[in-house]
Every structure is written in C-alpha cells, then in structure tokens.
Amino acid sequence: MLPMSVNITILPSDARTDYARHCLASYGAKFLDSWGNFPEEGVVLTGIPFTKNGKSLFTTLLPFFTIDSFIKKLTPDHIIIGGNFPAAVTDYCAMHDIPCYDVLQSPSFGRLNTRLTAEGLLAQVMSKTPFSVLESKILLIGYGRCGKEIARIFSNYSKKIVITEKNQKSVSAALANGFKCFSPDKIRGNKSLLAQTNIIINTAPDVPIASSFFTYIPSDCYVFQVASGPLLLPETFHGILINCPGIPGKYAPKTAGSKLAAEICKYCDIISRNLE
C-alpha cells in the first residue's frame, strides 16, 4: 500500500497508463496535462519504454519533450518509475540521488511483460500475414528473455522455428529447449534458408546480423520488429516490415496497467520503509 502523502503524476502514453491511473485513483494519481505543470515532488510514471527514438520521451503529451529537458526537471524529491531507461537518465538519477525504478527489471513484471508481448505478437502475426502460422517458416532473432517466451508460445503453432543468437549461453539454452539455433555467421551463409523464410521476428536491440542478409529474403516475407528502436534495412529490402512497439499496452492494457500500479505501490512502500 502506498503512503497517502505520495503524489503520483503519470505521463500519458498508451492504454496501460489509463488503467494504472484508474487503479491508483484513490491515491490521487493524475495525468500531467502540461510540461509547465511538472510536479516539484512525488512519483512520476513515464512511458514503457521510456523512449522509442532515443531522443524524446514516449508520451502523447505535446510538444515532444527531449530526454535532456526532462532530466533537468528532476530533483531528489522525485521518484521516477518507467521502463528501459537510457543511460543518460539512470546516470543522472544516480549522480543526483533521485530514486529511479525500471519495472522491467522486476522479475514478476518482466515475466508478465514478455508473456503479453509474445501473446500480442502472435495475434499480430495471425491477423497481418496471409498464411497459416502452422505452415510458416519462422526466423527468430534473439533468444533473450523476450525471444525465449516468443519461441515457447509460437512453438505451440509452428515446428518450423529457427533461432539466431550470438550469446553462447542463450544458444545452449535454445538447443536444450529443442529449437534449432545458429550463430549469426551461419545464418548469413545459409541463403537457401533465408530464401524460404516467411516470418522474421527481431527481438534484439542490436541486430546481430548484417543488414545485407535481408537482401536474400523473399518479397512476401514479413519482418516483425519487436525490439525498441528502428530496424535499419538496406535499400534492397523488398519484404514487409511491421513495427510492433509497446505490444502489452495495445494487446492487454488492463492486465499490464493493473500490474504496473501494483509495482508502483510495492516500490514506493519499500522506499517509505527505508526512510523510517
């Protein structure tokens, strides 16, 4: 439970924040309606992810606000909560003793977020592609926390999943879970596999495959960009690119928003007890 004296200001971003505000209504949580009304203290809930372009905040509040302008408003009287904070934010907060909590680092919230991402991605793949997932040949880039859950859920529908991963421990984990997994170098050299691929799912922020590899995929191949940030593609790319940022906020905003509210309560309770 939150201390009743805590002020909660939410930067509007997607439907998750709508549900989070509803869950925290009894604490007086409110949306920020103008940058000029930025609070002098209290909890500030930012978007998840914090930024989509590495320059400005992910929020529907206009005008767009740069990361540098945002951190200059922060003081030790603030508690910043969000997800995927860039180093500029975490370093500034650490240097100025400003509590900064990335909810995606919470094991329980992180698991929920990856599950909702995988479920929502499956729904997008089914609705946006003209072929059956069961018959599709899928290339999954990355077998981290998000990639692992996507592979698990998609394997219920397709047995034609190939994974590429540069981290050897992740490669071993994928193989142990029964998936075909190759290093980026081996994927790059397998032009016949690429030429037969129907769906590519990228979960890696730093794509471990040279952009030239996209030259070899067929023109009716669908590329789903799940990782934050743009996917750099060569001019020779002829497939269909579908960006999928913030899937949990679109696919299951009530579930994600209520859990986000619970994380805020839990974190602020810890902060409060530490100050006693």
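This is a short walking tour of the structure, one selection at a time. Keep in mind along the way that the model is predicted.

**Stop 1: a strand and a loop at the start of the chain**

Select residues 8-10, which form strand β1, and pick out Thr9 within that strand. Is Thr9 buried or exposed? With a relative accessible area of 2%, which is under the 20% cut-off, Thr9 is buried. Now show what surrounds this residue. Neighbours within four places in sequence aside, the contacts of Thr9 are Lys30, Leu32, Pro39, Val43, Val44 and Leu45.

Next, colour helix α1, residues 15-23. Arg16, Thr17 and Ala20 are its buried residues. Turn the view until you look down the axis of α1: these buried residues fall within an arc of 90°, so they line one face of the helix.

Move on to Asn37, in the loop that links β2 (30-31) with β3 (42-45). Show side chains here, and you will find the side chain of Asn37 in a polar contact with that of Asp33, at 2.9 Å. For a sense of scale, draw a line from the C-alpha of Asn37 to the C-alpha of Phe50. The two residues are 13 apart in sequence and 20 Å apart in space.

**Stop 2: a covered strand and its partners**

Select strand β4, residues 78-82. How many of its residues are buried? The count is 5 of 5, so β4 is mostly covered. Look along the strand to see where the residues point: His78, Ile80 and Gly82 go one way, while Ile79 and Ile81 go the other way, and all are buried.

Add β3 to the selection. β3 and β4 run parallel and are joined by 4 bridges. Here Val44 stands opposite Ile80 of β4.

Then add β5, residues 100-102, which pairs with β4 in the parallel sense over 3 bridges. One place to look is Gly82, whose bridge partner in β5 is Asp102. To follow the chain between these two strands, trace from β4 through helix α3 (residues 87-95) and on to β5; this β-α-β crossover is right-handed.

**Stop 3: two loop residues beside α3**

Two residues on this path are worth a click for their backbone angles. In the loop between β4 and α3 sits Asn84. Its phi is near 55°, a positive value in a residue that is not glycine. Asn84 is partly exposed, with a relative accessible area of 38%.

Past the helix, in the loop between α3 and β5, select Asp97. Asp97 also is not a glycine, and has a positive phi of about 55°. Its relative accessible area is 62%, and Asp97 is exposed.

**Stop 4: two cis bonds**

Go back to the loop between β3 and α2 (67-71), which holds Pro49. Zoom in on the peptide bond that joins Ile48 and Pro49: this bond is cis, with omega at about 5°. Pro63 is found in the loop between β3 and α2 as well. Leu62 and Pro63 are joined by a cis peptide bond, with omega at about 0°.

**Stop 5: the six-stranded sheet**

Now show strands β6 to β11. They make an open sheet of 6 strands with parallel pairing, in the order β8-β7-β6-β9-β10-β11. Which strands stand at the edges? They are β8 (180-182) and β11 (240-243); each has a single partner strand, so one side of each is left without a neighbour in the sheet. Tilt the view to see the twist, which averages 20° from one strand to the next.

At the β8 edge, β7 (residues 161-164) pairs with β8 in the parallel sense over 3 bridges. Val162 has Lys180 of β8 as its bridge partner.

**Stop 6: helices across the sheet**

Turn on helix α4, residues 107-128. α4 lies across β9 (199-202), β10 (222-225) and β11, and runs at about 155° to β10.

Finish with helix α5, residues 145-154, which lies across β6 (138-141), β7 and β9 and runs at about 160° to β6. Highlight its buried residues: Gly147, Glu149, Ile150, Ala151, Ile153 and Phe154. What do they pack against? Their packing partners are α4, β6, β7 and β9.

Terms used: Residues are numbered from 1 along each chain as its sequence is written. This is a predicted model: local features need pLDDT of at least 70, side-chain atom pairs count only at pLDDT 80 or more; totals for chains, interfaces and linings use all residues. Side-chain values use heavy atoms; hydrogens and water are left out. Two strands pair if DSSP finds at least two bridges between them. Axes are lines fitted to C-alpha atoms, for helices over the stretch in contact, and angles run from 0 to 180 degrees between N-to-C directions. Contact means heavy atoms within 4.5 Å. Buried means under 20% relative accessible area, exposed over 50%, partly exposed in between (1.4 Å probe, protein chains only). The arc is that of the directions from the helix axis to the C-beta atoms. A polar contact is a pair of N or O atoms within 3.5 Å; within protein, one must be able to donate a hydrogen and the other to accept it, and residues adjacent in sequence count only if both atoms are side-chain atoms. A crossover is right-handed if, with the strands pointing away from the viewer, the path from the first strand over the helix to the second runs clockwise.
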